[in-house]
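Below are some notes for a colleague who wishes to go through the model point by point, with the coordinates open alongside.

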Amino acid sequence: MSTKLLVSTSKALLAVDLQTQDTKLISEGYGLYYGIARLGDSIFVAARNLLQWPRRFFPDKRLERPCLLEFDAGLNLVRQIPIPVPARGLHQIIEHRGVIYCTCSAEDSVVMFNGKNWCCWYPSDNSEHYGIDKHHFNSLKIEDDVLYLLAHNNGASEILSYDLATKSFLEKVQMGKCAHNILRLNGELVTCSSAEGTLVNTNGIICSTEGFPRGFAELEEHYVVGISAIAQRKRRMQGESKLEIYSKVDWQLQKKINLGGYGQVTELFIYS
């Protein structure tokens, strides 16, 4: 197993060698780190970029200055790209056909960046939801010209699907509780039901983990899941997290890699 992962957390961006279990700090100091995407020769990482706050208070989303951090192939920080449109609550980002799609839970929106210009899409058909944390959109996936969007809902979660070109709504499927990530495994949609500590599809549980699952990577013979301690939002900057590596054949746990005190895992990304 020689694959290397980028792991974003509540505090930092890490590079983890799954074979040697070596963990290297790539970046810190930009608040909570989340989504990771590759565009061309660069890797982009979503960062909340919180301003300083009194330590006794939980950081307020009004203090965020969300940005994308651009890294070169050697994982050197090239530049910080401010996001000039409302983008509080940055979560997962993905790249598709030269566009970076960013979920923004506190805005109930998806923000799109083509390398030059930014635009916002508000998926809800109720304009009263725009700019508020109504559905807590946090993850997305694009395949076959369909955009799948995860509504965390701070409870019973749903995967919503839209026509990619027109953004017209297609259907929704209820799946998971306080869920993160949208996966396609063995032809089935799967999500991390974080509040329940499981991975599920429409038929039920496919894997039970040892904590709060969020962040997923599929290797040739293994699945890797980010695991954090279940904690209130105000305490997620603290504590330790780990990676759990499972066999793809039968979901048997093969290995655990402790990540140390970098807070909760938010995303996994294969980079080598």
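1. Aromatic pairs in this predicted model come to a count of 8. One of them joins F113 and W118, whose rings are stacked, with 4.2 Å from centre to centre and 20 degrees between the planes; both F113 and W118 are buried. Ring pairs also link F216, Y223, Y246 and W251 into a cluster.

2. On confidence, the protein chain has an average pLDDT of 92, and 91% of the residues score at least 70. Residues 52-59 call for caution, since the pLDDT over this stretch is below 50, although the model gives the stretch 6 contacts beyond near neighbours in sequence. Where pLDDT is low, the predicted coordinates should not be read in detail.

3. An open sheet of 4 strands, paired antiparallel, follows the order β20-β21-β22-β23. Which strands stand at the edges of this sheet? They are β20 (212-218) and β23 (253-260), and because each has a single partner strand, one side of each is left without a neighbour in the sheet. From one strand to the next the twist averages 25 degrees. Within the sheet, β21 (residues 222-228) and β22 (residues 241-247) run antiparallel and are joined by 7 bridges, with V225 standing opposite E244 in β22.

4. Strand β6 (residues 67-71) is mostly covered, 5 of its 5 residues being buried. This holds for both faces, with C67, L69 and F71 buried on one side and L68 and E70 buried on the other. The strand pairs in the antiparallel sense with β5 (residues 42-47) over 5 bridges, and it is likewise joined to β7 (residues 77-82) by 5 bridges, again with the strands running antiparallel. L69 can serve as a reference point for both pairings, as V45 stands opposite L69 and Q80 is the bridge partner of L69 in β7. The hairpin of β6 and β7 has 5 residues between the strands, and in this hairpin L75 takes a positive phi near 65 degrees.

5. Q92 lies in strand β8 (residues 90-96). Is this residue, at 8% relative accessibility, buried or exposed? Q92 counts as buried because its 8% relative accessibility falls under the 20% cut-off. Its side chain takes part in two polar contacts that deserve a look in the viewer: the side chain of Q92 reaches the backbone nitrogen of L140 at 2.8 Å, and it also makes a polar contact with the side chain of E267, at 2.8 Å. Leaving aside neighbours within four places in sequence, Q92 is in contact with a set of residues that includes Y34, G35, Y101, C102, T103, N138, S139 and N181, besides L140 and E267.

6. C192 is found in strand β17 (residues 188-193), and with a relative accessible area of 0% C192 is buried. Which residues beyond four places in sequence are in contact with C192? They are C178, A179, H180, N181, T198, L199 and P213. For a check on the backbone, C192 and I182 are 10 residues apart in sequence, and their C-alpha atoms are 7.8 Å apart in space. N181 appears in the contacts of C192 and also in those of Q92, which offers a convenient link between this point and the preceding one.

How values were computed. Residues are numbered from 1 along each chain as its sequence is written. This is a predicted model: local features need pLDDT of at least 70, side-chain atom pairs count only at pLDDT 80 or more; totals for chains, interfaces and linings use all residues. Side-chain values use heavy atoms; hydrogens and water are left out. Buried means under 20% relative accessible area, exposed over 50%, partly exposed in between (1.4 Å probe, protein chains only). Helices (H or I, at least four residues) and strands (E, at least two) are DSSP runs, numbered from the N terminus. Two strands pair if DSSP finds at least two bridges between them. Contact means heavy atoms within 4.5 Å. Axes are lines fitted to C-alpha atoms, for helices over the stretch in contact, and angles run from 0 to 180 degrees between N-to-C directions. A polar contact is a pair of N or O atoms within 3.5 Å; within protein, one must be able to donate a hydrogen and the other to accept it, and residues adjacent in sequence count only if both atoms are side-chain atoms. pLDDT is the predictor's confidence in each residue, from 0 to 100. Rings of Phe, Tyr and Trp (its six-membered ring) pair if their centres lie within 6.5 Å; planes under 30 degrees apart count as stacked, over 60 as edge-to-face and the rest as tilted.
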